[in-house]
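Me: I am new to this structure and would like to go through it step by step, with the reasoning behind each reply spelled out. Could we start once it is on display?

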Amino acid sequence: MIDLVKYTKELSNLFSTSENILIISHINPDGDSVGAQLALYHYFKAIGKNASLLAPNNLQEFLKWMNGADEINIFIKDRKKGRMLIDKADLIILLDFNQPGRLGEAEEKVIASRSKKVIIDHHLDPDNFADLIISDPSKCSTSELVHELICAITSDQFMNMPYAEALYVGIITDTGNFEHGSYSSRTFRIVADLLDTGIIKEKIINLIYNNFSSDRIRLQGFALNKRMVVLPEFRTAYIYLSKDDLKEYNHVKGDTEGFVNMPLSIKGIDFSALFIEKDDFIKLSFRSKGKFPSNEFASLYFSGGGHRNASGGEFTDTLENTITYFIKVLKENVWRFEDQL
Ligand code: 5GP
Ligand code: MN
């Protein structure tokens, strides 16, 4: 856990001395990134600060209903406006990521900008590309960290309904609705305060989780039935999907979200991988239970990273060769499971 007080003064100074604040989420923005972004936006709005919003690429459907989501400028949709916002900003807040590459096409412009930059994030080992880095991997979500910081700055609890709704989305999506991740008793105290504003959790959960197309559900059935391989001797299971598989089920962005978690519910499986064939590389997602450091595995073999129990990477080869390589390096890492055997 980090000492928030250490950052409060500096952050508070940056907030009060900045006229144009730009809040940026990461590429393929998830619920936590957008939740933290919109929570900050509602906070600035409430205190009369001018804040703009930018995401490197499109939001997925299940986040578009959020209050303020239509104010998020999409860099790849309107690069001119995106560049203008970066130019105009005197403070840029970067949320839920710690490597500049996660800015997608906006990376060059943001990094070159002379404005002050603050990273607020909960991933391990941030790269140094900001004036102030507030990184706390003990938090279940960047949304939780944003709330803690705002509480520290206001020395009271700031709260309103759209702010609470945004934070709630961030917390439930990053913890899989309180199934995994580093949530704590403190998280539940925060959630209690969020619910006290009158936000309707059933409505939010419905909008986030019960929002699938029939094609997506059928793809899930296909993936589990025909594309999952279980390797009990390695406490591992993986799912692979080719471009043709995805095409057959009219795949749209986000459809495979969550697939990687499913094999972990098999008894005796502590590590799960998802291989998705892209145009010129294979995208990998990893999930683990317990001590297996999936992020180390991702960074050692698949140019990736992330959290211990949720990470990802890439490999430039065919789907078949990637899987063969995965099994080879998995064998070399079986000792890492020893603690839980
Ligand atoms: P997901 O499997 O949901 O796409 O990603 C889970 C987590 O793994 C993300 O929050 C991110 O921290 C990390 N991650 C996924 N893909 C990559 C990657 O290609 N590189 C790095 N460094 N981290 C990744
Ligand atoms: Mn997050």
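Me: In which helix is Leu 14 placed, and is Leu 14 buried or exposed?
Reply: In this predicted model, the place of Leu 14 is in helix H1, which covers residues 4-17. Its relative accessibility is 12%, and buried means under 20%, so Leu 14 counts as buried. The answer is therefore helix H1 for the place and, at 12%, buried for the state.

Me: How far apart in space are Leu 14 and Ile 2?
Reply: Along the sequence, Leu 14 and Ile 2 are separated by 12 residues. In space, taken from C-alpha to C-alpha, the distance between Leu 14 and Ile 2 is 19 Å.

Me: Is Glu 148 buried or exposed, and how far is Glu 148 from Lys 117 in space?
Reply: Glu 148 belongs to helix H5, made of residues 142-154. With a relative accessibility of 10%, against a limit of under 20%, Glu 148 counts as buried. Glu 148 and Lys 117 are 31 residues apart in sequence, and from C-alpha to C-alpha their distance in space is 19 Å.

Me: What is the distance in space between Ala 152 and Leu 4?
Reply: Ala 152 also lies in helix H5, and at 29% relative accessibility Ala 152 counts as partly exposed. In sequence, Ala 152 and Leu 4 are 148 residues apart, while in space, C-alpha to C-alpha, they are separated by 7.3 Å.

Me: Where does Asp 96 lie, and what is its phi?
Reply: Asp 96 is in the loop that runs between strand E4 (91-95) and helix H4 (107-112), and with 1% relative accessibility Asp 96 counts as buried. Most residues other than glycine have a negative phi. Asp 96, although not a glycine, has a positive phi of about 70 degrees.

Me: Which state, buried, partly exposed or exposed, does Asn 250 have?
Reply: Asn 250 is found in the loop between helix H10 (243-248) and strand E9 (271-277), and, in a residue other than glycine, its phi has a positive value near 45 degrees. The relative accessible area of Asn 250 is 49%, and exposed would need over 50%, so the state of Asn 250 is partly exposed.

Me: Why is the ring pair of Phe 297 and Phe 302 called tilted, and how many aromatic pairs are there?
Reply: Counting ring centres that lie within 6.5 Å, the number of aromatic pairs comes to 29. For Phe 297 and Phe 302 the centres are 6.0 Å apart and the planes stand at 45 degrees, so this pair is tilted. Phe 297 is buried at a relative accessible area of 0%, and Phe 302 is likewise buried at 0%. The angle behind the name is thus 45 degrees, and the count of aromatic pairs is 29.

Me: Which ring has the charged end of Arg 216 over it?
Reply: The charged end of Arg 216 sits 3.8 Å from the centre of a ring. That ring belongs to Phe 212.

Me: Which strand gives the most residues to the shell around ligand 1?
Reply: The residues around ligand 1 include Gln 99, His 123, Lys 283, Arg 287 and Ser 311, and by class the shell has one nonpolar, nine polar and two charged residues. At least two residues of the shell come from each of strand E10 (282-288), strand E11 (305-306) and strand E12 (310-315). With four residues, the strand that gives the most is E12.

Me: How much of the accessible area of ligand 1 does the protein cover?
Reply: A nitrogen atom of ligand 1 is 3.1 Å from an N or O atom in the side chain of Gln 99, and a nitrogen atom of ligand 1 is 2.8 Å from an N or O atom in the side chain of Lys 283. For Arg 287, a polar side-chain atom lies 2.9 Å from an oxygen atom of the ligand. On its own, ligand 1 has 500 Å² of accessible area, and the share of this that the protein covers is 76%.

Technical notes
Residues are numbered from 1 along each chain as its sequence is written. Chains are lettered from A and ligands numbered from 1 in the order in which they are written. This is a predicted model: local features need pLDDT of at least 70, side-chain atom pairs count only at pLDDT 80 or more; totals for chains, interfaces and linings use all residues. Side-chain values use heavy atoms; hydrogens and water are left out. Rings of Phe, Tyr and Trp (its six-membered ring) pair if their centres lie within 6.5 Å; planes under 30 degrees apart count as stacked, over 60 as edge-to-face and the rest as tilted. Buried means under 20% relative accessible area, exposed over 50%, partly exposed in between (1.4 Å probe, protein chains only). A charge sits over a ring if NZ of Lys or CZ of Arg is within 6 Å of the ring centre and within 35 degrees of the ring normal. A residue is near a molecule or strand if one of its heavy atoms lies within 4 Å of it. A polar contact is a pair of N or O atoms within 3.5 Å; within protein, one must be able to donate a hydrogen and the other to accept it, and residues adjacent in sequence count only if both atoms are side-chain atoms. Accessible areas come from the Shrake-Rupley method with a 1.4 Å probe; for residues, only the protein chains shown count as cover. Ala, Val, Leu, Ile, Met, Phe, Trp, Tyr, Cys and Pro count as nonpolar, Asp, Glu, Lys and Arg as charged, and the others, Gly among them, as polar.
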